[in-house]
Amino acid sequence: MELHQLLLLRELADRGSITAVAEASGRTPSAVSQQLRALQRDAGRPLLVRQGRGVALTAAGRALAGATVGLATAIAEVDSSWQAWLGEPTGPVVLSVFPSVAELLLPGLLRRLREFPGIDLELVDNDVAQPEFPGLAAHADLVLAHRGEVVDARRRGSLFVQPLFAEPVDVAVPASHPLAGRGRVAAAEVVDADWLGVPAGYPLDRLLEALALVAGRPARVRWRSTDFGTLAALVGSGAGVCLLPRYCTDPARHDLVLLEVSDITLRRRVEVLARPENAARGATAAVLRALVAETGRFGG
């Protein structure tokens, strides 16, 4: 079995289609298919099966692709050791970010990376529903992700996970709201308000569902947006209340107050997801270390 063929199988397991693998590897779909057929002959077992217009991995294909993760990681570790010997990590690193944490972390991260001029950092903006973050690791070297307390373990598969910090999530109310002077409120005291929220399935939407479960009745969400700045402005205008992450929110800017919920712990966990071989590369590992250092002020 040839190394490059095994790596193509690994890409197919992550990307899901011959076309996507071809685009990622700079080959034509027919060239990818030819290499995978050759690998299948050498393996002596069916690795692929037709599925509609595309292909899917058989059990043997999934097993071989999984075993290739260690091989790809070992190659990346060789690269990392070589760059360490040379004295400076170099190369491109694609970092997938979502807006609220990007605003919080990127200025400091970019300052830290000035000591690594050989790293070419590319930023890609992705804000998706919680279960979709692991899939972004097929397209970016590092994925900044956030979630509630529940982990989508099956979707993570063999991904490398680096926890960064846990951020409290509070109920944002207008400064003129009757509860604004309380500091802490119970879920039942706010669940019947007019809610503003993020799209269904996003991490803070799952937290709102948890709040409603504690309160014993559903929350009514009138408007939804992925932009926390827009939500904060609407809260300040008196349009409703919403959940907002504490570190990313400036109450004075939008004339609102953040209230801690007393009978349930609401927080989002911010972490980095990556394929193991990407996390092991010298340049990627340097960016990861800089992210960990930048988020150390939040206490993990």
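A residue counts as buried when its relative accessible area is under 20%. Keep that cut-off in hand as we walk through this predicted model, starting with a helix.

Helix α12 covers residues 282–295. Of its 14 residues, 11 are buried, so the helix is largely enclosed by the rest of the structure. The buried positions begin with a run you can follow in the sequence: Gly282, Ala283, Thr284, Ala285, Ala286, Val287 and Leu288 are among them. Ala290, Leu291, Glu294 and Thr295 belong to the buried set of α12 too. As for its geometry, α12 spans 20 Å from the first C-alpha to the last, close to the 20 Å expected at 1.5 Å a residue.

From here, let us turn to strand β5, residues 142–147. Six of its six residues are buried, so this strand is also largely enclosed by the rest of the structure. It helps to look at the two faces of β5 separately. Leu142, Leu144 and His146 are buried on one side, while Val143, Ala145 and Arg147 are buried on the other, so both faces are covered.

What does β5 pair with? Strand β3, residues 91–97, is one partner, running parallel to β5 over two bridges. Strand β12, residues 267–274, is another, joined to β5 antiparallel by five bridges. Val143 is a handy residue to select in your viewer, since Ser96 stands opposite Val143, and Leu273 in β12 is also a bridge partner of Val143.

Next, the cysteines. How many disulfides does a search of the whole structure find? It finds zero. Cys242 is in no disulfide, and the nearest cysteine sulfur, that of Cys248, is 13 Å away. A disulfide calls for two cysteine sulfur atoms within 2.5 Å, so at 13 Å Cys242 and Cys248 do not qualify. Seen from the other end, Cys248 is likewise in no disulfide, with the sulfur of Cys242 as its nearest, 13 Å away. Are these two cysteines buried or partly exposed? Cys242 is buried, with a relative accessible area of 0%, whereas Cys248 counts as partly exposed at 25%.

Our last stop is on the surface. Leu3, Leu71 and Ile75 make a nonpolar patch of about 220 Å² there. Ile75 sits in helix α4, which covers residues 59–86. With a relative accessibility of 38%, Ile75 counts as partly exposed. A patch takes in residues with over 30% relative accessible area, so Ile75, at 38%, meets that requirement.

Terms used:
Residues numbered from 1 in each chain as written. Predicted model: local features only at pLDDT ≥ 70, side-chain atom pairs only at ≥ 80, totals over all residues. Heavy atoms only, no water. Buried < 20%, exposed > 50% of the residue type's maximum accessible area, 1.4 Å probe, protein only. Helix = DSSP H or I, 4+ residues; strand = E, 2+ residues; numbered from the N terminus. Pairing = 2+ DSSP bridges. Patch = residues over 30% accessible without salt bridge, like charges linked within 9 Å, V, L, I, M, F, W, Y side chains within 5 Å. Areas by Shrake-Rupley, 256 points an atom, 1.4 Å probe, with all protein chains shown as cover. Salt bridge = Lys/Arg side-chain N within 4 Å of Asp/Glu carboxyl O. Expected span 1.5 Å × (residues − 1).
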